[in-house]
Amino acid sequence: MKSVAALLLVGMLLLWTELPTGSAWSCPAVQITCALLNPPNRCFIDRQCPRGKKCCQTFCGRKCISRPPPFPVSYG
């Protein structure tokens with residue numbers, strides 16, 4: 001009985017670690033790539049970023065970015 005409870009606990013912990021952290025948006029697509037062999041990465045997972053930011057691949061390495069605006073912004 002104890003082994004069943006422990007197995008359920010481990011399963012729940014695994015599912016919990018896979019849940020999104022409240023950010024349902026995805027990273028923007030990268031159109032170009034920099035020529036550096038080892039571009040600098042400022043993060044590797046979303047948890048290394050401040051709240052509301054996501055760790056995304058940019059044109060030259062990974063970094064924390066903010067959510068894009070819901071509609072295009074025009075200044076004019």
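This passage walks through the fold of a predicted model and then looks at a few of its side chains.

Let's start with the overall layout. The protein has one helix and two strands, and going along the sequence they come in the order α-β-β. The helix, H1, covers 2-18. Strand S1 takes in residues 53-58 and strand S2 residues 61-66. As for how much is tucked away, buried residues account for 16% of the 76 residues in the protein.

The two strands belong together. S1 and S2 run antiparallel and are joined by six bridges, and with two residues between them they make a hairpin. Within this pairing, Cys55 sits opposite Cys64 in S2. Phe59 is found in the loop between S1 and S2. Is Phe59 buried or exposed? Its relative accessibility is 53%, so Phe59 counts as exposed, the cut-off for that label being over 50%. Phe59 also helps to build a nonpolar patch on the surface: together with Val30 and Ile32, it makes up about 300 Å².

Next come the charged side chains. As a bit of background, side chains of opposite charge can pair when their charged atoms come close. How many salt bridges turn up in a search of the whole structure? Just one is found, and it links Lys54 with Asp46, with the closest N and O atoms 3.3 Å apart. What about the surroundings of the two partners? Lys54 has a relative accessibility of 12%, so it counts as buried, since the limit for buried is under 20%. Asp46, at 28%, counts as partly exposed.

Lys54 has another neighbour worth pointing out. Lys54 lies over the face of Trp25, at 5.8 Å from the ring centre. So Lys54, a residue that counts as buried, takes part in a salt bridge with Asp46 and also sits over the ring of Trp25. Pairs between aromatic rings are another matter, as the count of those comes to zero.

Finally, there is the stretch leading up to the hairpin. Gln48 is placed in the loop between helix H1 and S1. With a relative accessible area of 47%, Gln48 is partly exposed. How far is Gln48 from Cys64, in sequence and in space? The two are 16 residues apart in sequence, while their C-alpha atoms are 8.2 Å apart in space. Cys64 is the residue in S2 that stands opposite Cys55, which ties this loop residue back to the strands described above.

Conventions: Residues numbered from 1 in each chain as written. Predicted model: local features only at pLDDT ≥ 70, side-chain atom pairs only at ≥ 80, totals over all residues. Heavy atoms only, no water. Salt bridge = Lys/Arg side-chain N within 4 Å of Asp/Glu carboxyl O. Buried < 20%, exposed > 50% of the residue type's maximum accessible area, 1.4 Å probe, protein only. Phe/Tyr/Trp six-rings, centres within 6.5 Å; stacked < 30°, edge-to-face > 60°. Lys NZ or Arg CZ within 6 Å of the ring centre and 35° of its normal. Pairing = 2+ DSSP bridges. Helix = DSSP H or I, 4+ residues; strand = E, 2+ residues; numbered from the N terminus. Patch = residues over 30% accessible without salt bridge, like charges linked within 9 Å, V, L, I, M, F, W, Y side chains within 5 Å. Areas by Shrake-Rupley, 256 points an atom, 1.4 Å probe, with all protein chains shown as cover.
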